[in-house]
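Got your viewer open and a selection box ready? Let's take a short walk through this model, one selection at a time.

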Amino acid sequence: MCEPTIIMMATIASGAVSAYSSIQQGRAEYQAQGVNAQIATRNGQLAENEQKNVADAAAIERRRLGNEIRAARGQANVNATASGLDPLFGTPADLVGDIATAGRTDLGIIGRNEMTEIGQLDNQIADYRDRASAARAAGRGALRAGYMGAAATLLSTGANVASKWIETNPPPNVPKKPTPVGGGRVGTGPT
């Protein structure tokens, strides 16, 4: 009578430890995924900040180029006037026009590069946000799986204990299984 009780107690203890382990494993994965989500969120914020830096750098470059264009046009006018030419007519005017056209082209390139970089950063931001969302979902799933694994372990342990209990303590109207004598099977010996 003592041996089945020890077996049942060991089964209960084993089931409890296994259930606790499932819960802890789920919590650990949940926390790990939470850290992954935080990292992805932070990386997304850094990419958003980089977009601002790109826009600021492009604005600075546009101002610098605008100053350069105005200086080049002014210098062309000064050179033409110093040579005794009318800066608003003929070759000097064409030269100033060419400087303005080249400047507008360069400004367009700066704008296109800015938009390209911002677009690439938009993709990175979306990717980081997706990673953060996936990590949070994986963490919630791991936490649920841990609790479900614990519940399944406890149910299985309960079933094992109940089965062992019924084996060792049958209800009054159910006869106990006869123990074989000499290793033979019940009902096969002489009658």
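Start with everything shown and colour by burial: buried residues make up 21% of the 191 residues in the protein. Keep in mind as you go that this is a predicted model. Its accessible surface comes to about 13300 Å², with 59% of that belonging to carbon and sulfur atoms.

Now switch to cartoon. You'll find two helices and zero strands. Select residues 2–82 for helix α1, then residues 91–168 for helix α2. Give each its own colour, as we'll keep coming back to them.

**Stop one: the core**

Which residues form the largest nonpolar core? Select A47, V54, I118, L121, I125 and Y128, and you have the six of them. Both α1 and α2 give two or more residues to this core, and α2 gives the most, with four. A bit of background while you look: in soluble globular proteins, nonpolar side chains tend to be buried together.

Next, pick I125 and show what surrounds it. Setting aside neighbours within four places in sequence, I125 is in contact with G44, A47, E48 and Q51. A47 should look familiar, being a member of the core you just selected.

**Stop two: across to K52**

Stay in this area and add K52, which lies in helix α1. Is K52 buried or exposed? It counts as exposed, because its relative accessibility is 51% and the cut-off for exposed is over 50%. Draw a distance from the C-alpha of K52 to the C-alpha of I118: you should get 8.7 Å, for two residues 66 apart along the chain.

That pair leads to a wider pattern. Take the contacts between residues at least 6 apart in sequence: 84% of them join residues at least 24 apart.

**Stop three: charged pairs**

How many salt bridges does the structure hold? There are six, and we'll visit some of them.

Select E167 and K164 in sticks. They form a salt bridge, with the closest N and O atoms 3.8 Å apart. Both sit in helix α2, three residues apart, which is about one turn of the helix. E167 counts as partly exposed at 48% relative accessibility, and K164 is also partly exposed, at 25%.

Now hop over to α1, where salt bridges that share partners join E61, R64 and E68 into one network. Centre on R64 and take its two partners in turn:

- E61 to R64: a salt bridge with the closest N and O atoms 2.4 Å apart. The two residues are both in α1, three residues apart, about one turn of the helix.
- E68 to R64: a salt bridge at 2.5 Å, N to O. Here the spacing is four residues, again about one turn of α1.

Where do these three stand on accessibility? Toggle a surface to check E61, which is partly exposed with a relative accessible area of 28%. R64 is partly exposed as well, with 38%, and E68 comes in at 43%, so it counts as partly exposed too.

**Last view**

To finish, show both selections at once: the six-residue core, with α1 and α2 each giving two or more residues, and the E61, R64 and E68 network joined by shared salt-bridge partners. Save the scene with the two helices in their own colours, and you're done.

Terms used: Residues numbered from 1 in each chain as written. Predicted model: local features only at pLDDT ≥ 70, side-chain atom pairs only at ≥ 80, totals over all residues. Heavy atoms only, no water. Buried < 20%, exposed > 50% of the residue type's maximum accessible area, 1.4 Å probe, protein only. Contact = heavy atoms within 4.5 Å. Areas by Shrake-Rupley, 256 points an atom, 1.4 Å probe, with all protein chains shown as cover. Salt bridge = Lys/Arg side-chain N within 4 Å of Asp/Glu carboxyl O. Core = buried A, V, L, I, M, F, W, Y, C linked by side-chain atoms within 4.5 Å.
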